[in-house]
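Visitor: I'd like to know how the labels on this model are earned. Can you take me through the cut-offs?

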Amino acid sequence: MNKETMLAILNKIKEYDRIIIFRHFRPDGDAVGSTKGLQRILQLTFPEKEIYLQNNDFSDYLAFLGGEDAPLDDELFADALGIVLDTATVKRISSPKYELCKELCKIDHHIDIAPYGDVSWVEDLRSSTCEMIAHFYNTFKDELKIDAQAATYLYTGMVTDSGRFRYRDVSGETLRLAATLLEQGIDTDRIYANLYLEAYGYLKFKAHVYQRMQVTEHGVAYLHVDKAMQEEFNLSLEAASASISCLDSIRGCICWIVFVDNGDAEGSIRVRLRSRFVTINELAEQYRGGGHSCAAGATVYSQEEIEELLQKADALVKEYKETHEDWL
Ligand code: AMP
């Protein structure tokens with residue numbers, strides 16, 4: 001079934017002279033890695049085709065992977081195939097111009113809450129979209145070409161979306177595909193240095209996070225990185241949001257959440273939810289969000305909504321702990 005869908009996507013790629021690749025806004029390593037990895041594979045395999053990345057925003061910490069292509073004139077989209085990677089819903093696509101494409105393919109590993117595209121290949125048990133692109137390459141490797149650069153993009157996304165191959169959705173297949181990429185000659189020291197070395201000032205902020213974090217009655221760790229804290233530590237929104245990872249290893253806390261003031265006129269607050277074992281994407285869906293069972297995002301607009309969301313998260317954790325003995 002998936003092989004048929006992959007073949008349909010490969011045939012669409014063959015059919016078009018121009019292919020435009022999109023991802024979600026506020027990109028992570030998987031969004032950037034999968035788009036750049038697919039672009040590179042297609043450029044190597046079909047040098048006569050035009051393959052572009054058209055997205056409106058970027059993330060500083062992924063600058064080492066390189067940028068987007070210069071914006072294209074609108075008329076060039078009309079006879080192009082659009083491929084959207086790592087993006088569950090059209091609302092999250094980084095450029096509205098996907099609508100101008102003649103046809104659209106979706107390739108994604110998020111739960112398919114709002115399907116779109118003329119051809120859609122979604123596998124929500126995959127650890128990353130990069131893993132899917134590596135699988136796509138592997139399935140058609142007699143036809144497709146890869147090199148160390150393409151493998152580096154894909155491996156970076158696999159590493160970041162799987163927490164360095166730690167998360168539950170990492171399978172034997174994930175590691176076999178990662179091995180295929182490694183064999184292309186990836187410089188993993190360079191990838192890890194780019195991804196994980198931290199600035200001195202950011203470590204000072206982390207120390208503050210550990211001072212300020214709180215835990216609900218049944219074990220939801222949380223933190224509000226408000227505007228004042230962002231200013232005190234001179235944090236970008238991205239750096240403030242990254243504080244979620246500070247809360248991920250507290251014994252007894254199987255859910256952790258950060259609230260980050262976006263600083264816009266509406267007073268919106270970004271919510272990042274993470275969990276072990278207990279499912280939290282349905283909670284995120286109640287607050288204008290969604291995501292995976294153990295990694296989701298939402299938006300709230302007030303302290304009342306923060307407290308309400310925390311109460312509901314606490315109730316989920318309580319119920320989980322009461323009905324499972326193996327939660328650690
Ligand atoms: P984040 O905390 O932004 O990294 O999001 C975690 C996961 O939830 C990612 O896989 C996102 O794609 C998904 N997600 C975040 N925000 C939303 C949203 N508003 N709607 C749907 N999915 C979301």
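Guide: Let's start at the ligand: a backbone N or O atom of Arg-288 lies 3.4 Å from a ligand nitrogen. This is a predicted model, where local features need pLDDT of at least 70, side-chain atom pairs count only at pLDDT 80 or more, and totals for chains, interfaces and linings use all residues. Residues are numbered from 1 along each chain as its sequence is written, and side-chain values use heavy atoms, with hydrogens and water left out.

Visitor: What makes the Arg-288 pair a polar contact?

Guide: A polar contact is a pair of N or O atoms within 3.5 Å; within protein, one must be able to donate a hydrogen and the other to accept it, and residues adjacent in sequence count only if both atoms are side-chain atoms. At 3.4 Å, the Arg-288 pair qualifies. Polar side-chain atoms of two other residues pair with ligand oxygens: Arg-274 at 3.1 Å and His-292 at 3.3 Å. The protein covers 82% of the 470 Å² of accessible area that the ligand has on its own (Shrake-Rupley method, 1.4 Å probe; for residues, only the protein chains shown count as cover).

Visitor: Which residues come nearest to the ligand?

Guide: Of the 13 around it, His-110, Arg-270, Arg-272, Arg-274 and Gly-290 do; being near takes a heavy atom within 4 Å. The shell divides into two nonpolar, six polar and five charged residues. Here Ala, Val, Leu, Ile, Met, Phe, Trp, Tyr, Cys and Pro count as nonpolar, Asp, Glu, Lys and Arg as charged, and the others, Gly among them, as polar.

Visitor: How do you know that Cys-255 has no bond to Cys-253?

Guide: A disulfide is a pair of cysteine sulfur atoms within 2.5 Å. The closest cysteine sulfur to that of Cys-255 is in Cys-253, 8.9 Å away, so the two are too far apart for a bond. The count for the structure comes to zero disulfides. Cys-101 is in none either, with the nearest cysteine sulfur, that of Cys-105, 10 Å away.

Visitor: Why is Cys-255 called buried?

Guide: Buried means under 20% relative accessible area, exposed over 50%, and partly exposed in between (1.4 Å probe, protein chains only). Cys-255 sits at 0%, so it counts as buried. Cys-101, at 10%, is buried too.

Visitor: Why is helix α3 described as largely enclosed?

Guide: Because nine of its 11 residues (129-139) are buried, including Met-132, Ile-133 and Phe-136. Helices (H or I, at least four residues) and strands (E, at least two) are DSSP runs, numbered from the N terminus.

Visitor: What makes Glu-68 and Arg-23 a salt bridge?

Guide: The term asks for a side-chain nitrogen of Lys or Arg within 4 Å of a carboxyl oxygen of Asp or Glu. Glu-68 and Arg-23 have an N to O distance of 3.0 Å, so they pass. The two residues are 45 apart in the chain. Arg-23 is buried at 1%, whereas Glu-68 is partly exposed at 27%.

Visitor: Why is the Arg-40 and Asp-147 pair said to tie parts together?

Guide: Their side chains meet in a salt bridge at 2.4 Å, N to O. Arg-40 lies in helix α2 and Asp-147 in the loop between α3 and α4, so the pair joins parts that are 107 residues apart in sequence. At 18%, Asp-147 counts as buried, while Arg-40, at 22%, is partly exposed.
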